[in-house]
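Student: Could we go through this model together, one question at a time? I would like to see how each answer is reached.

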Amino acid sequence: MSALLSLDHVSAGYGQITALNDISLSINEGEIVSLIGANGAGKTTVMMTICGAVKARHGIILFDGQDITNHPTHHIARMGIAQSPEGRRIFARMSVYENLQMGAAFSHASTFQSDLERMFDIFPRLRERRHQRGGTLSGGEQQMLAIARALMSRPRLLLLDEPSLGLAPLITKRIFEVIADLNRSEGLSVFLVEQNAYHALSLANRAYVLVNGVITMTGQGKELLHHPAIKAAYLEGGG
C-alpha cells in the first residue's frame, strides 16, 4: 500500500535548534495514525513542517506521491491537507458561521451550504452558537469549531494537534468519538498529535513515539497501549 503522506528522513528546527532529527513516518489512506510524546518532544513541529510553516532542512515530504517539501502552506492546503492547530486558534472576533466560511476558502461555493449543515449535524452545539463570536465559546466548543473549520475544506488528510488539551473528560470523549466516526463512515485519513497517550493509542491504527525530536518506537496503536515502556512513560496513573 502506498502512503498518502510520508516523511522520509526529515530534519527541521528553529535557528540553531534542531527540533526534529531524521524522522520517518507514514500515513496510509483511510488510516488514523497517532504521534505521542512528552511536552516539548517536537510533536507540533512535525505538524508545522508537514504544513510548510516550518521548512524541512533535510529529507522529503510526499503527499499523494507529490513532493511538497518546499511548497508554501496555501498550496499544501489546496492539495487536501487541513489542520486543527494546537490551542484551537479560531478567529475570536468572528462568529461561528464566519469561522466556518474561512474554513471553506479552498472548497467550491456550491457545496458550502451542504458542508455547513454537515458540520452542524456533527456538532449540534455549533448550530446553536452559529451567530456567536468564537471568542465567547467554551473551550470544548472552540475545539469543535476548530475541527469543523478544518473539515469545511473537505480534506483528504486531517491533522489534529492536541485536540484534548484543556478539555473536560466528557468533551474529550466526544471529540474522539467524532474522529473515529468520520474515519469509519467517510474513510477520512487522520494524523493525530496528542499528549494524552491513552486516547491517542486507543484510537489509532498505528502510532509513533517521539522523544526529543527522534522517533523511538512505532507499532499498532493497541499494541503500544500495552507496551511496558509506554505504560511506564505515558500511562502510569492515567487513562
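Student: What span should the 13 residues of H6 have at 1.5 Å a residue, and how far apart are its end C-alpha atoms?

Tutor: Good place to begin! This is a predicted model, in which local features need pLDDT of at least 70 and side-chain atom pairs count only at pLDDT 80 or more, while totals for chains, interfaces and linings use all residues. Residues are numbered from 1 along each chain as its sequence is written, and side-chain values use heavy atoms, with hydrogens and water left out. The expected span is 1.5 Å times one less than the number of residues, so H6 should cover 18 Å, and the distance between its end C-alpha atoms agrees with that at 19 Å.

Student: How many of the residues of H6 are buried, and what covers them?

Tutor: Helices here are DSSP runs of H or I with at least four residues, strands are E runs of at least two, and both are numbered from the N terminus. Buried means under 20% relative accessible area, exposed over 50%, and partly exposed in between, with a 1.4 Å probe and protein chains only. H6 is largely enclosed by the rest of the structure, because 12 of its 13 residues are buried. The cover, judged by contact (heavy atoms within 4.5 Å), includes E6, H3, H4, helix H5 (124-128), E7 and H7.

Student: Which residue of H6 is among the closest to the centre of the largest pocket?

Tutor: A pocket is an open set of points on a 1 Å grid over the protein atoms alone, where a 1.4 Å probe fits and protein lies on both sides within 12 Å along at least five of seven lines; lining residues have an atom within 4 Å of a point. The largest one has a volume of about 600 Å³, taken as the space filled by probe spheres set on points joined across faces, edges and corners. Of its 20 lining residues, the closest to the centre are Thr73, Ala77, Ala82, Gln83 and Arg149. The buried residues of H6 include one of these, Arg149.

Student: Which element gives the most to that lining?

Tutor: Helix H2 (73-79), E6, helix H3 (96-103) and H6 each supply at least two lining residues. The top contributor gives 4 residues, and that is H2.

Student: In what order do the 6 strands of the open sheet run, and which are its edge strands?

Tutor: Two strands pair if DSSP finds at least two bridges between them. The 6 strands follow the order E6-E7-E8-E3-E9-E10, with mixed pairing. Each edge strand pairs on one side only, and these are strand E6 (81-84) and strand E10 (214-220).

Student: In what sense does E9 pair with E3, and in what sense with E10?

Tutor: Strands of a sheet pair through backbone hydrogen bonds, either parallel or antiparallel. E9 (residues 206-211) is joined to E3 (residues 32-36) over 4 bridges, and isoleucine 36 stands opposite valine 209 in E9. On the E10 side there are 6 bridges, with alanine 207 opposite glycine 219. The sense is parallel with E3 and antiparallel with E10.

Student: Is serine 34 buried or exposed?

Tutor: Serine 34 sits in strand E3, and its bridge partner in E9 is alanine 207. Leaving aside neighbours within four places in sequence, its contacts include Phe191, Leu192, Ala200 and Tyr208. With a relative accessibility of 0%, serine 34 counts as buried.

Student: At about what angle does H7 run to E8?

Tutor: Axes are lines fitted to C-alpha atoms, for helices over the stretch in contact, and angles run from 0 to 180 degrees between N-to-C directions. Helix H7 (residues 169-186) packs on the sheet and touches E3, E7 and E8. Its buried residues include Thr172, Ile175, Phe176 and Ile179. The angle between the directions of H7 and E8 is about 155°.

Student: Which residue follows H7, and what is its phi?

Tutor: H7 has 18 residues and reaches 26 Å from its first C-alpha to its last. Right after this helix comes glycine 187, with a positive phi near 70°.

Student: In the other open sheet, what is the bridge partner of alanine 12 in E4?

Tutor: That sheet has 4 strands in the order E2-E1-E4-E5, with antiparallel pairing. Strand E1 (residues 3-14) and strand E4 (residues 56-63) are joined by 6 bridges. Within E4, the partner of alanine 12 is alanine 56.
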